[in-house]
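Reader: I would like a close look at one part of this protein, set in the context of the whole chain. Please take one helix and work outward from it, covering what surrounds it and what follows it.

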Amino acid sequence: MSDLVDSIEHVFEYRDDVSEAVDVLTDDNVSDIDKLRTVVRLRNMVDATEADLIAGLAKAHGWNDINNEKKFEEDERRWVPTSANRTLVDEALPLEIAVARHTSVYAASGILYDIVNLTERHPYTWQAIHELRIPVWQAQRVASTCLGYGLTTEETIAVDHHIQPGLGTIGVTRLVNLVKATVLKVAPEAVARKTQRLQSGRYVTTHPSDQDTATSYLDATLDTADALFFDATLDRVADVMAERGDTRDKDHRRAAAVGILATPALALSLLGVHTRRGMDPDQPNPEIPTPQQAERSLPVARVYVHLSGDALLRGEGVARVERLGPVRVQDLARVVGHARIRVTPVLHLGDNDPGTDRYDIPPSIREHVLARDAWEAFPYSSREARHLDLDHVNPYTPGREGQTRASNLAPLTRRAHRVKTHAGWILEQPQPGVFYWRTELGQTFRVGPNGTTDTTPTPQPHQKTRPLTETRPSGTSPPTRSP
């Protein structure tokens, strides 16, 4: 606990600044622009304090504390690496931070990783945070840029030292460019390794737009030769579409061509064999399907759609498509590109509570839980339940009847399951679909169909050791940390 206390000593340095900020914000004679500048400074103080608290929690909960490693092995709690130096912390800590910040475990793990990296590898940037010269989010950009090159600790500290003049004096884009330029000078071998990694790393991903579920983005990293052939093929398909009467602009036709290429029979019916790239010279041309055959070759899309009976009857309203989000009922066909949809009914069974005496979960009970709980039963989680394990809220005990029932099951990630089982977290389900959590550090939450409610009592301050209005002697400034 002393590490946690030591890590937030600077909080007291801000007490006078906070008091002055409150005075400015409540003064009717101060201009709005000056109040805005005060709010920005106040936010930077809060963010710096949050960063120190997270760093202190990391130290207090396992930071390279090898003396606790045997204990963790015995009770199946795990260490997880949380920095480029592979600093280890209790795996429950990111979950504690996530629920405290009302954010996802993924986001909490990210900021924990960044903060530990800053404390270990960026002493000058870490100092700039506490001198309020640079906001935490910009410091995270510095850390993530260095991390992307796979720099050693010594190389990172050298880069951090070199960019000092830019901390708080140039915009974030210029700052990131300064970091990159410095890396080229300090660690050219690391740059060469990154280039090699990029050349060997190939992927294609798709993800839906936040604004329109019927629109998705496609990202890819591929060989330049493949990219050129792909681009030329999109052009050719787009031109054929125009010749056949498609009046949309070419960019729109090229986008539609991606979907056509996803159905080879349809693409062949439009193009024939326009290239023999990759084919054996003696291999005969493939048979060209007719338009009718191409139409029948369209894949059948299987989607899970949640909608009310009224919306189903009227053919309009809003449905929720798993993995995509909210969609207008009349747009369902557009979401999958055509009307060949295999509908999987999602039955809501009301107060029925089916159960079985065995440990494994029958498909019917699993579907019952998934119909009830669309999302993970963890505070603020946005993970859809269908792809998660179902965990027994009250641990399964062989020989007891009816334990595997909907009202004793919750969709959880493996990590959430482990902290409930091994890290002192308590989970209760007083009624089906309503979950109460108590974390090891005493935070409490209610998770239900409408989301998460933070039920943790607001702490009451104890007797102040220093008055909030205490001022420093004239001409002095708060101490700062040396790297």
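Author: The protein chain, seen here as a predicted model, is built from 19 helices and 16 strands. Of its 483 residues, 38% count as buried, and the accessible surface comes to about 28,200 Å², with 53% of that area belonging to carbon and sulfur atoms. Among contacts with a separation of 6 or more, 55% join residues that are 24 or more positions apart.

The part to examine closely is helix H5, which spans residues 93-101. This helix is mostly covered, since 7 of its 9 residues are buried. The buried residues are Leu93, Pro94, Leu95, Glu96, Ile97, Ala98 and Val99. The cover over them includes helix H3, strand E2 (88-90), helix H6, helix H19 (414-422) and strand E15 (444-448).

Within H5, Val99 deserves a closer look. Its relative accessible area is 0%, and because the cut-off for a buried residue is under 20%, Val99 counts as buried. Which residues does Val99 touch, once those up to four places away in sequence are set aside? They are Phe378, Pro379, Tyr380, Trp425, Thr439, Gln443 and Phe445. For one of these partners, Gln443, the separation can be given both ways: Val99 and Gln443 are 344 residues apart in sequence, yet their C-alpha atoms are 8.1 Å apart in space.

Two of the residues that Val99 touches, Phe378 and Trp425, also appear in a description of the nonpolar cores. In soluble globular proteins, nonpolar side chains tend to be buried together. Here the largest nonpolar core has 40 residues, and the members that touch the most others are Leu112, Ile115, Ile129 and Leu151. H5 is among the elements that give two or more residues to this core, alongside helix H3 (32-60), helix H6 (105-121), helix H7 (123-130), helix H8 (136-148), helix H10 (172-186) and helix H11 (188-200). Apart from the largest core lies another, of 18 residues, and its members include Phe378, Val393, Ala410 and Trp425. H5 therefore contributes to the 40-residue core, while Val99, one of its residues, is in contact with Phe378 and Trp425, which are members of the 18-residue core.

As for the 40-residue core itself, Ile129 can serve as an example of how its members are surrounded. Leaving aside neighbours within four places in sequence, Ile129 is in contact with Tyr14, Ala48, Leu118, Ile134, Val136 and Ala139.

The beginning of H5 also borders an enclosed space. The structure holds 1 cavity of 30 Å³ or more, and the largest cavity has a volume of about 40 Å³. Its lining is formed by His61, Asp90, Ala92, Leu93, Glu96, Glu440 and Leu441, and of these residues Leu93 and Glu96 are also listed among the buried residues of H5. By character, the lining divides into 3 nonpolar, 1 polar and 3 charged residues.

At its other end, H5 is followed by His102, whose phi is positive, near 55°. His102 is not a glycine, and it is found in the loop between H5 and H6. How far is His102 covered, in terms of relative accessibility? The value is 40%, so His102 counts as partly exposed. A positive phi also occurs at Tyr380, which is likewise not a glycine and has a value of about 65°. Tyr380 lies in the loop between helix H18 (363-372) and strand E10 (389-392), and it is one of the residues that Val99 touches.

From that loop, the chain leads into strand E10, where Asp389 is found. With a relative accessibility of 37%, Asp389 counts as partly exposed. Not counting residues up to four places away in sequence, Asp389 touches Ala410, Pro411, Leu412 and Arg414, and one of these, Ala410, is a member of the 18-residue core. The C-alpha atoms of Asp389 and Leu412 are separated by 5.8 Å, although the two residues are 23 apart along the chain.

On the other side of His102, helix H6 is part of the cover over the buried residues of H5. Glu120 is found in H6, and its relative accessibility of 18% is the reason it counts as buried. Glu120 and Ser83 are 37 residues apart in sequence, with their C-alpha atoms 8.5 Å apart in space.

Notes
Residues are numbered from 1 along each chain as its sequence is written. This is a predicted model: local features need pLDDT of at least 70, side-chain atom pairs count only at pLDDT 80 or more; totals for chains, interfaces and linings use all residues. Side-chain values use heavy atoms; hydrogens and water are left out. A nonpolar core is a set of buried Ala, Val, Leu, Ile, Met, Phe, Trp, Tyr and Cys residues joined through side-chain atoms within 4.5 Å. Buried means under 20% relative accessible area, exposed over 50%, partly exposed in between (1.4 Å probe, protein chains only). Helices (H or I, at least four residues) and strands (E, at least two) are DSSP runs, numbered from the N terminus. Contact means heavy atoms within 4.5 Å. On a 1 Å grid over the protein atoms alone, a cavity is a set of points where a 1.4 Å probe fits but cannot get out, and a pocket is an open set with protein on both sides within 12 Å along at least five of seven lines; lining residues have an atom within 4 Å of a point. Grid points are joined across faces, edges and corners, and a volume is the space filled by probe spheres set on the points. Ala, Val, Leu, Ile, Met, Phe, Trp, Tyr, Cys and Pro count as nonpolar, Asp, Glu, Lys and Arg as charged, and the others, Gly among them, as polar. Accessible areas come from the Shrake-Rupley method with a 1.4 Å probe; for residues, only the protein chains shown count as cover.
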